[in-house]
Each structure stands twice: as structure tokens, then as C-alpha cells.
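Reader: I would like to learn how to read a model like this one, feature by feature. Could you walk me through it?

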Amino acid sequence: MLKAMQILGSSSGFVSHRWRPHNSGGLSFISKSAKPLSSSSSSSSYSSCSRSPTASLLSPGFSARKSRCFRAFRMSAINSELNPDGTSSSSSSTSFQSTGNTRKINFCQWCGGQTKHEIPDGEEKIRAICTICGRIAYQNPKMVVGCLIEHDNKVLLCKRKIEPSYGLWTLPAGYMEIGESAAEGAIRETWEEAGAEVEVLSPFAQLDIPLIGQTYIIFLAKLKKPQFSPGPESLECRLYDFDDIPFDSLAFSSILVTLKLYVEDMKAAGRPKFHYGTINKRPGSKPSDIQAYTLDYHLQS
Ligand SMILES: [Zn+2]
């Protein structure tokens, strides 16, 4: 923990506030401006602009299919830092967001036709557009849902049995599935990874990670029964006192942020707040360096 604080260089460790009053009276975030992207051609017309997943994108069945969980998450992180859209890995997260890994989409997911990469009329970002059916492959962030389980003034952590981050500790969490709510997904992931039946109590944190197109929603939860056991992706599950949380052996920045916020809340007021924030990876840092980030736009209630 000390190491993290020293690296991040603030007394609170990792929190910076960047909101300001909005002209209309509300609050708004200070946004980073994106570099405008040039287009080789924007004169074509496109037949579909659906931004939502369509039925053809859905899995045949929604039931009990194990999510790709953090395996895909980490691969996404790694890929994103290997210049997914031709930009430098040291560029800002905003420039990454401009195209995501659109240029890696070479074939249409609906008809199999070849795609071209252009800015559609009326839009600002490069998209993969099917040259046959004209549909546009929009890419949107994924939701990762999980539980921070409180029990006897301890929190439940799982030691990963899979790469990446094999042997490191995490909260039970994974990708939300189509057909379930965020809370349902968090409960499911907790059952799958920690063999624990939980009741969700309240939302604790929403953490956006723009660089890799992910949003975490972590719920506070309690055990329905005082029982848990490691699932297929966990080596071990264990309750940790606040002061014993293995901050030097956590798997992901998002988990580090979540647990540090939680411990800070508990030590300051004896109860957790709700937190919103954006985790921005430090330019040029390795995906495995989970302490190389800043928490921006941090709001709490
Ligand atoms: Zn097509």
C-alpha cells in the first residue's frame, strides 16, 4: 500500500478531483479533447446505424454460460496498449477511444462481407463499415460486475487460478451477460468464483476505464450463509481484515482502487460511500503495473 501511495504521489494515494461547476448550474466533468481524425472518404451512404446489440448478436442461450471474465479483460488491456488503432501506446485514452480496435474488424458480423474503415456521414469516429450490407460495427464499452462482500468486518477475496494475474487476489467479478441485470451478474460471478451465495446490499463503485472500454460496477454484498469455496477459476477464497488486505498482490487496478476506497471509507466514517471515477492508465505503463494509474473525475456521495 505504501508503495502505491509513493508512486501516485498524494496523501490519499490515488484520488484527484477534476470536476467543475457547469454553466447550467449542474456539475460537469472536464473533458479531454480528442484529436480530429481524418477520413479518406465520407461520401458513402450507409444503410444501418443501429448502436444497440441486435438479436443476431445475441448468444443462443443466456443461461449459466461462464463469462470470459478477466481473461478477456486483460487481453483487451494488453491489445489496447499494442496500438490497436495505429496510435502510439503513449497517446491519451481519448485518442484510443476515437477508434477502439475498429481497424481490426475486417469482416462483417452479420453477412461476412469485407469492411472498410471510414468516418460515416454525420459522425466523428472511424468505424468498420460493411462493403456489402452497409452495416456499421459499433463498439461499445463492456460492463464488468462484481461484489465486495463484507463479513465480520472482513472482505472476501479470491486468488486467481487463471492467467493473467495467476496467483493474485481479486474480488469476484466478471463480464455482465446479456439477459441479466448488473446485480444479477455480480451475484452469479460471486457464486462461480467464490462458491458464495450473496445478497446485494447497495452499489459501491462505478469505475470507468476508457482506455480498454470497460466499466466496473461493484456492489456491496453480504453472505446469505457463512460459506464459500473456490470455484474453478480460484485457487483460494479468503476473508481479509481491512489491515491485512494484500494490496501488493492484487490482480487489477480496478480492484486496487475499489479496495482502497472501501478501506478509506471504513476507517474514516465506519461506513462505505458510493464512488464514481475514471481509471486512467499512465501513458507507457505496462498492463501488469496495476499501480500506474490515476483515478480522475472522482465523485462520491
Ligand atoms: Zn455486412
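Author: Gladly; we will go from confidence to strands, core, helix and a loop.

Reader: How far does the confidence reach, and what is the mean pLDDT of the protein?

Author: This is a predicted model, so confidence is a good place to begin. The mean pLDDT is 75, with 67% of the residues at 70 or more. Over residues 1-99 the pLDDT stays under 50, and the model has 132 contacts beyond four places in sequence for that stretch.

Reader: And what does the overall inventory look like: how many helices and strands are there?

Author: The protein has five helices and 14 strands. Of its 301 residues, 35% count as buried. Among contacts with a separation of 6 or more, 63% join residues 24 or more positions apart.

Reader: Let us turn to strands. Which strands pair with β11, and in which sense, parallel or antiparallel?

Author: A general idea helps here: in a regular strand, side chains alternate between the two faces of the sheet. In this model, β11 covers residues 214-223, and seven of its 10 residues are buried. Strand β6 (residues 142-151) runs parallel to β11, joined by nine bridges. Strand β10 (residues 198-209) pairs with β11 in the antiparallel sense over 10 bridges. A221 is a handy marker in β11: I149 stands opposite A221, and V200 has A221 as its bridge partner.

Reader: What lies between β10 and β11?

Author: The two strands form a hairpin with four residues between them, where G213 takes a positive phi near 65 degrees.

Reader: Which residues have the most contacts inside the largest nonpolar core?

Author: The general idea first: in soluble globular proteins, nonpolar side chains tend to be buried together. The largest nonpolar core here has 49 residues, and L148, I149 and L250 have the most contacts inside it. Elements giving two or more residues to this core are β6, β7 (154-160), α4 (182-194), β10, β11, α5 and β14 (293-300). Apart from this core lies another, of five residues, including C108, A128, I129 and C130.

Reader: What does L148 touch, leaving aside residues up to four places away in sequence?

Author: The partners of L148 are V155, L171, F204, I218, L220, A221, T258 and Y262.

Reader: How should I check a helix such as α5, and what span is expected of its 17 residues?

Author: A helix has 3.6 residues a turn, so residues three or four places apart point the same way. For length, α5 (residues 253-269) should span 24 Å at 1.5 Å a residue, and its end C-alpha atoms are 24 Å apart, which agrees. Its buried residues are S253, S254, I255, L256, V257, T258, L259, K260, L261 and Y262. Just after α5, G270 takes a positive phi of about 80 degrees.

Reader: Where does D248 lie, and why does D248 count as partly exposed?

Author: D248 sits in the loop between β12 (234-241) and α5. It counts as partly exposed because it has 13 C-beta neighbours inside 10 Å. L168 is 80 residues away from D248 in sequence, while their C-alpha atoms are 9.1 Å apart in space.

Reader: One last feature: which strands stand at the edges of the open sheet of three strands?

Author: The order is β3-β4-β5, with antiparallel pairing. β3 (115-118) and β5 (136-137) are at the edges; each has a single partner strand, so one side of each lacks a neighbour in the sheet. Two bridges join β4 (residues 127-130) to β5, and I129 stands opposite I136 in β5.

Key
Residues are numbered from 1 along each chain as its sequence is written. pLDDT is the predictor's confidence in each residue, from 0 to 100. Two residues are in contact if their C-beta atoms, placed from the backbone, lie within 7 Å. The expected span of a helix is 1.5 Å times one less than its number of residues. A residue is buried if 20 or more other C-beta atoms lie within 10 Å of its own, exposed if 12 or fewer, and partly exposed in between; C-beta atoms are placed from the backbone. Two strands pair if DSSP finds at least two bridges between them. A nonpolar core is a set of buried Ala, Val, Leu, Ile, Met, Phe, Trp, Tyr and Cys residues joined through C-beta atoms within 7 Å.
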